[in-house]
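Please look over the structure shown below together with its sequence. The paragraphs that follow go through selected strands, helices, side chains and the ligand site in turn.

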Amino acid sequence: MNFHLTDEQKLIQKTIREFAEEVVAKDVLERDRTKLFPREIFKQLSELGLMGLPFPEEYGGSGADTISFAIVVEELSKVCASTGITYSAHISLGGAPLHLFGTKEQKEKYLTQICSGESLGAFGLTEPGAGSDAGGTKTTAIAKDGNFVINGNKCFITNASYAKFLAITAITNRKESNKEISAIIVPTDTDGFQITEYEEKMGLHASNTTELSFTNVIVPEENLLGKRGEGFKQFLVTLDGGRIGIGAMAVGIAQAAFEKSLQYAKEREQFGKAIARNQAIQFKLADMAMKIELARTMVYKAAWLKDQGRPFTKEASICKLFASEMCMEITSQAVQIHGGNGYMREYHVERYMRDAKLLEIGEGTSEIQRLVIARQIGC
Ligand code: CAA
């Protein structure tokens, strides 16, 4: 067992940390206020060669491991969680299913655009009536004359406004009460495909969250991703990887909240001494440090298992569940340590708390993670 990062992982960490502090941190409060999508940041991440980080070099990726991916997500999220979720979804939800299930031709056509950053990655699973019950998909894709004709709706889809294509799930056949769900790649400029952005969200203001509507959208049958009828399972496999990204985001936000709280507690004086000298505050900070360390270790473990080609469904859910609940608790405590100042935007911690809440919901609620873990341990 080895808890050291490799030289390559350390280099990636140094590069992304410097980039986040110099480039991403600039205007972060302004982006939260104006909801401006960080386009320029993603252009620069493309130039740094990070948009295809874990994908094969053959398709323009860097061939790095999942721990490196988690490090990049953590460092971006520490400074700006909107940038972190955009990157995490781009790689783990947008690029991953193409990498895992695409044909060589599909990878050459689509994965290359993900790796170059020409297209952001997105993934269309959730529907108004199919959230936690992701298999409750109603969107249909009827095979006709060598094409699929798609009708339906998707919601809460990250990045779609900046994607040139995305894989979605749709029912391609019904046998009595059994639905055959397949994954299909849909170019976003296809006639009948509409993307609408949500204007008002609790947090992650600078990230792109959309609704998709398909009205007689026609794509060729060759756009089928993986095997017909395997789409639901493919997306569950994809979500296992995505949950590592959410865990890493949680660690990044919590680390930022902890560092701000520690600094504030040392500087803020009440009753003639720094509040950090009070045991009540020290214990909060000690708990924060402990829980972040545990969450990061679990994120790395899930990432390591994935890289070893071993089963990691349970560990991905554990890291996502533990890290997101830890992040919610720590960001709330960070606001508490900052007192009245914590409630004010300029101190950042209230943003961390708003951003953290999504992590207990997106890519499977905490309740669904408990359900996955329960099934995995044989309940
Ligand atoms: N890997 C591979 N296969 C899996 C799997 C996994 N992790 N989990 C289940 N399967 C297989 C099962 O073995 C089963 O196979 P068989 O039919 O051969 O037996 C099949 O998939 C169906 O599994 P279940 O019977 O367990 O399916 P279920 O309907 O009971 O639901 C669930 C399982 C875990 C609740 C699943 O629906 C789930 O994860 N729900 C949460 C969805 C979610 O996370 N949504 C967020 C999406 S994020 C998004 O859309 C927006 C965005 O941009 C961020």
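The model is a predicted one, and the values quoted here are computed from its atoms. A convenient place to begin is the hairpin made by strands β2 and β3. Strand β2, residues 140-144, pairs with β3 in the antiparallel sense over 5 bridges, and within this pairing Ala141 stands opposite Ile150 of β3. The hairpin has 2 residues between its strands, and Asp145 takes a positive phi near 50 degrees there.

Strand β3, which covers residues 147-158, also carries Lys154. Is Lys154 buried or exposed? With a relative accessible area of 1%, Lys154 falls under the 20% limit for a buried residue, and so it counts as buried although the residue is a lysine. The polar partners of this side chain can be named: it reaches the backbone oxygen of Leu125 at 3.2 Å, and it makes a polar contact of 2.8 Å with the side chain of Glu127. Leaving aside neighbours within four places in sequence, the residues in contact with Lys154 include Gly124, Thr126, Thr137 and Thr139, and also among them are Ile168, Thr169, Glu211, Leu212 and Phe214.

A second hairpin is formed by β4 and β5, again described by its bridges and its turn. Strand β4, residues 165-175, is joined to β5 by 10 bridges, and the two strands run antiparallel; one of the pairs places Ala170 of β4 across from its bridge partner Ser182 in β5. There are 2 residues between these strands, and Glu176 in the turn has a positive phi of about 50 degrees. Strand β5 is also joined to strand β8, residues 224-225, by 2 bridges in an antiparallel arrangement, with Ile184 standing opposite Leu224 of β8. How many of the residues of strand β5 are buried? In β5, which spans residues 178-187, 7 of the 10 residues are buried, and the strand is therefore largely enclosed by the rest of the structure. When inspecting strands such as these, it helps to remember that in a regular strand the side chains alternate between the two faces of the sheet.

Strand β6, residues 193-197, contains Ile195. At 31% relative accessibility Ile195 counts as partly exposed, because this value lies between the 20% limit for buried and the 50% limit for exposed residues. Beyond its neighbours within four places in sequence, Ile195 is in contact with Ala160, Ser161, Thr188, Thr210, Glu211 and Leu212. Asn2, by contrast, is 193 residues away from Ile195 in sequence and 46 Å away in space, taken from C-alpha to C-alpha.

Among the helices, α4 can be examined both for its span and for its surroundings. Helix α4 has 14 residues, 66-79, which at 1.5 Å a residue should span 20 Å, and its end C-alpha atoms are indeed 20 Å apart, so the expected and modelled values agree. Of the 14 residues of α4, 14 are buried, and the helix is therefore largely enclosed by the rest of the structure.

Helix α7, residues 231-267, holds Gln234, a residue that is buried with a relative accessible area of 4%. Setting aside neighbours within four places in sequence, Gln234 is in contact with Phe101, Ala183, Leu225, Gly226 and Lys227. Lys357 lies in helix α10, residues 349-359, and at 29% relative accessibility it counts as partly exposed. With the same sequence neighbours left aside, Lys357 is in contact with Met202 and Met328, while Cys327, 30 residues away from Lys357 in sequence, lies 8.4 Å from it in space, C-alpha to C-alpha.

The last stop is the ligand. Which residues are closest to the ligand? Of the 21 residues that surround the ligand, the closest are Thr126, Ser132, Lys233, Gly364 and Arg375. Some of the polar approaches involve the backbone: a backbone N or O atom of Ser132 lies 2.8 Å from a nitrogen atom of the ligand, and a backbone N or O atom of Thr158 lies 3.0 Å from an oxygen atom of the ligand. A side chain takes part as well, since a polar side-chain atom of Arg375 lies 2.6 Å from an oxygen atom of the ligand. On its own the ligand has 1,100 Å² of accessible area, and the protein covers 67% of this.

How values were computed:
Residues numbered from 1 in each chain as written. Predicted model: local features only at pLDDT ≥ 70, side-chain atom pairs only at ≥ 80, totals over all residues. Heavy atoms only, no water. Buried < 20%, exposed > 50% of the residue type's maximum accessible area, 1.4 Å probe, protein only. Helix = DSSP H or I, 4+ residues; strand = E, 2+ residues; numbered from the N terminus. Pairing = 2+ DSSP bridges. Contact = heavy atoms within 4.5 Å. Polar contact = N/O pair within 3.5 Å; in protein donor to acceptor, adjacent residues only side chain to side chain. Near = heavy atom within 4 Å. Areas by Shrake-Rupley, 256 points an atom, 1.4 Å probe, with all protein chains shown as cover. Expected span 1.5 Å × (residues − 1).
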